[in-house]
Structure formats: structure tokens, C-alpha cells
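Morning, everyone. I have one structure to show, and I will keep it brisk.

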Amino acid sequence: RYQKYRTGYCVALDGRELKIELDETPMGNFIEIEGDETSVLKALDTAAFTANDIIRDSYPELQASRCKARGVPLEDLVFK
């Protein structure tokens with residue numbers, strides 16, 4: 001189980017639509033960019049993000065890794 005607050009935007013880049021989601025989670029804030037690969041990569045470059053900034057894991061996967069690193073069982077990712 002996890003919680004997040006999401007704010008969504010639709011933007012056009014070179015005539016192509018991108019869906020931008022700003023997520024606030026208990027483990028930090030994330031930006032999701034959805035669209036065709038070329039447009040997503042251009043948006044990342046325009047915003048000065050690099051390939052090292054890209055996270056492909058889901059929130060449950062990130063939480064599982066986070067709990068494992070802390071040596072605790074998988075916990076719900078919820079705001080307290």
C-alpha cells in the first residue's frame with residue numbers, strides 16, 4: 001500500500017503532447033513524463049536531466065529496496 005499526491009499537466013513540445021505528473025510521496029518527490037520516446041528524451045534534456053536521473057522502478061519496487069537497505073520488512077509507504 002502506498003500514498004502519493006499527484007498534480008498532472010499536459011504540455012506540447014515540438015507539436016507533440018507530453019503528460020507530466022508531479023508526485024509527492026513519503027520517500028520524496030518525483031516527476032513522471034509520459035509520451036513518445038523522442039519527446040520524453042527531449043523534455044529531459046531541455047530540463048537538464050541526464051540518463052542518471054531516470055528511475056524506471058515502480059513505487060512499490062523503490063519501497064522494497066528502501067526497506068531492504070534499512071533491514072526492515074516491507075512497510076506501507078504512507079504519510080504519517
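A definition to begin with. A salt bridge here is a side-chain nitrogen of Lys or Arg within 4 Å of a carboxyl oxygen of Asp or Glu. Keep in mind that this is a predicted model.

Take Glu 32 and Arg 6. Their side chains meet in a salt bridge, 2.9 Å from N to O. That pair counts because 2.9 Å falls within the 4 Å limit. Where do the two partners sit? Glu 32 is in strand β3 and Arg 6 is in strand β1, so the pair links distant parts of the chain, 26 residues apart. Glu 32 is partly exposed, at 24% relative accessibility. Arg 6 is partly exposed as well, with a value of 38%.

Arg 6 has another partner. Its side chain also meets that of Glu 21 in a salt bridge, at 3.7 Å, N to O. Again distant parts of the chain are linked: Arg 6 lies in β1, residues 5–13, and Glu 21 lies in strand β2, with their positions 15 residues apart in sequence. Is Glu 21 buried or exposed? Buried, because its relative accessibility is 5% and the cut-off for buried is under 20%.

Now add Lys 19. Lys 19 forms a salt bridge with Glu 21, and their closest N and O atoms are 3.5 Å apart. Lys 19 is partly exposed, with a relative accessible area of 38%. Put the pairs together and a network appears. Arg 6, Lys 19, Glu 21, Asp 23 and Glu 32 are joined into one network by salt bridges that share partners. In general, side chains of opposite charge can pair when their charged atoms come close. How many salt bridges does the whole structure have? The search finds 8.

Next, the nonpolar core. The largest one has 6 residues: Leu 13, Leu 18, Ile 20, Val 40, Ala 43 and Leu 44. Two elements, β2 (16–25) and α1, each give two or more residues to this core. Which element gives the most? That is α1, with 3 residues.

Look at Val 40, one of the core residues. Leaving aside residues up to four places away in sequence, Val 40 touches Leu 18, Ile 33, Glu 34 and Gly 35. Leu 18 is itself in the core.

Ser 39 sits in helix α1. Ser 39 is buried, at 4% relative accessibility. What does Ser 39 touch, not counting residues up to four places away in sequence? The contacts are Leu 13, Arg 16 and Leu 18. Leu 13 and Leu 18 both appear in the core list.

On to the largest pocket. About 600 Å³ of space lies inside it. The lining has 19 residues, and the closest to the pocket centre are Ile 31, Glu 32, Ile 33, Ile 54 and Ile 55. Three elements give two or more residues to the lining: β3 (28–34), α1 (37–46) and α2 (59–70). Which of them has the largest share? Strand β3 does, with 6 residues. By class, the lining holds 11 nonpolar, 2 polar and 6 charged residues.

Glu 32 ties two parts of this talk together. Glu 32 is among the residues closest to the pocket centre, and Glu 32 also belongs to the salt-bridge network. Ile 33 is on that pocket list too, and Ile 33 is a contact of Val 40.

One more stop in β3. Gly 28 is in that strand. Gly 28 is partly exposed, with a relative accessible area of 23%. Gly 28 and Pro 73 are 45 residues apart in sequence, and their C-alpha atoms are 20 Å apart in space.

Last, the backbone. Asp 14 has a positive phi of about 55°, although it is not a glycine. Asp 14 lies in the loop between β1 and β2. Buried or exposed? Asp 14 counts as exposed because its relative accessibility is 60%, and the cut-off for exposed is over 50%.

Ala 48 also has a positive phi, about 65°, and is not a glycine. Ala 48 is found in the loop between α1 and α2. Ala 48 is exposed, with a relative accessible area of 63%.

That is the tour. Thank you.

Conventions: Residues numbered from 1 in each chain as written. Predicted model: local features only at pLDDT ≥ 70, side-chain atom pairs only at ≥ 80, totals over all residues. Heavy atoms only, no water. 1 Å grid on protein atoms, 1.4 Å probe; cavity = no way out; pocket = protein on both sides within 12 Å on 5 of 7 lines; lining within 4 Å. Points joined across faces, edges and corners; volume = space filled by probe spheres on them. Helix = DSSP H or I, 4+ residues; strand = E, 2+ residues; numbered from the N terminus. Nonpolar A, V, L, I, M, F, W, Y, C, P; charged D, E, K, R; others polar. Core = buried A, V, L, I, M, F, W, Y, C linked by side-chain atoms within 4.5 Å. Buried < 20%, exposed > 50% of the residue type's maximum accessible area, 1.4 Å probe, protein only. Contact = heavy atoms within 4.5 Å.
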